[in-house]
Amino acid sequence: MSTTTPAGIDPRGPRFGAAITSALLLVTVYLALDAATLNIAYYLLSAATVLFAIGALFGNSKHPYGWIFRTFVKPRLAAPKELEDPRPPQFAQGVGLFVAAIGLVLHQLAVPSGLAIAAAAAFIAAFLNAAFGFCLGCQIYVGLQRIGIIRKH
Amino acid sequence: MSADFRLGLIFGLVALAAVAGIIWRARTGKAKKISGGEQIDLAEIGAIKDGKPVTQFGSRVTFLQFSSEFCTACRQTARLYRELELVHPDVLHIEVDITNRTDLANKFNILQTPTTLVLDSHGRVTSRIGGAVKQQTIQDELGTFEI
């Protein structure tokens, strides 16, 4: 284990955020499928990219969804059974940022359906996280490291 | 694209994600039997427990858990094994962080964390559990080492 473990967070916070994110991305995919609304989809995915960047750089506690969760949702819930390390969800936000940014770039390069496909991929990850507790860091971190995309630190 | 067709694609996408989630949840945390499993070298994997190197396997069974840094499920899984250890003194739980041990990840072909190798009293691998372990899996594995 790493030497410094940050203070734990309520595991339902990131999952709540993932639910909003997956809804936003699903609307994005729908709008991206029609040429007339593709521009709106581009703005929505840009917004999602900014939100992912906030989550990846500053963590869930500084994320707007984290704030909504703490202010409006958490007071209505029972205390969490256990706290979780904030770094795994932060890593997942970084992966979301990467995928969403690819969608924006593909759109700029006028790659057909590039934005829709990237938004759909990000939707699947966010949906699995919200609905099934799927943890992206658990599934892909070691694999990325093995193929050399993430360096040892 | 017509609005109906687009809606159909959206429903298809949600259905695809839901099916993927159901399959993932059904498969994760289950044990897969390994026949002729290899002998684990405690020194090689750098097994440390309570700050001291581990030199002996559990007299009944050892759960060797590989974890990584960005892994929520690793914490939950480690907690289940620790609770088991408290009840059964002949059970040993070892957790190895492979975040900086790509050699181990390659050697044991680890793609996801946690991955648990179940070892007999001689330290030979008898099964492998990918993902967050289920309580039922732990009980079943324990049952195969009934004394």
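Angles over 145 degrees between helix directions count as roughly antiparallel. Keep that cut-off in mind as we walk through this predicted model, starting with a helix pair in chain A.

**A helix pair in chain A**

Helix 2 (residues 38-58) of chain A packs against helix 4 (residues 87-108) of chain A at an angle of about 150°, and the two axes are 8 Å apart. The two helices are therefore roughly antiparallel to each other. Helix 2 of chain A passes helix 4 of chain A in a left-handed crossing.

Which residues meet here? On the helix 2 side of chain A they include A:Tyr42, A:Leu45, A:Phe52 and A:Ala56. On the helix 4 side of chain A you will find, among them, A:Gln90, A:Leu97, A:Leu104 and A:His107. Glycines take part from both helices, including A:Gly55 in helix 2 of chain A and A:Gly94 in helix 4 of chain A. By class, this contact has 10 nonpolar and 9 polar residues, with no charged ones.

**The sheet of chain B**

Turning to chain B, 5 strands form an open sheet in the order 1-7-6-4-5, with mixed pairing. Strand 1 (31-33) and strand 5 (91-97) of chain B stand at the edges, each with a single partner strand, so one side of each is left without a neighbour in the sheet. From one strand to the next, the twist averages 20°.

At one of these edges, strand 1 of chain B is joined by 3 bridges to strand 7 (residues 125-130) of chain B, and the two run antiparallel. Within this pair, B:Ala31 stands opposite B:Ile129 of strand 7.

Two helices of chain B can be set beside each other by how they lie on the sheet:

| Helix of chain B | Strands of chain B involved | Angle |
|---|---|---|
| Helix 3 | Strand 4 (61-67) and strand 5 | about 155° with strand 5 |
| Helix 5 (residues 135-144) | Strand 1, strand 4, strand 6 (115-119) and strand 7 | about 30° to strand 1 |

Helix 3 packs on the sheet by touching its two strands, while helix 5 lies across the strands listed for it.

**Where the chains meet**

Finally, how many residues of chain B are in contact with chain A? There are 28, and they contact 31 residues of chain A. On the chain B side, the elements giving two or more residues are helix 1 (3-27), helix 3 (72-87) and helix 4 (102-107). Helix 1 of chain B gives the most, with 9 residues. Sorted by class, the side of chain B that touches chain A has 15 nonpolar, 8 polar and 5 charged residues. Helix 3 of chain B thus appears twice in this tour: it packs on the sheet and gives residues to the side that touches chain A.

Technical notes. Residues numbered from 1 in each chain as written. Chains lettered and ligands numbered in written order. Predicted model: local features only at pLDDT ≥ 70, side-chain atom pairs only at ≥ 80, totals over all residues. Contact = placed C-beta atoms within 7 Å. Helix = DSSP H or I, 4+ residues; strand = E, 2+ residues; numbered from the N terminus. Nonpolar A, V, L, I, M, F, W, Y, C, P; charged D, E, K, R; others polar. Axes fitted to C-alpha atoms, helices over the stretch in contact; angles between N-to-C directions. Parallel < 35°, antiparallel > 145°, perpendicular 65-115°, else oblique. Left-handed = near helix turned anticlockwise from the far one by under 90°. Pairing = 2+ DSSP bridges.
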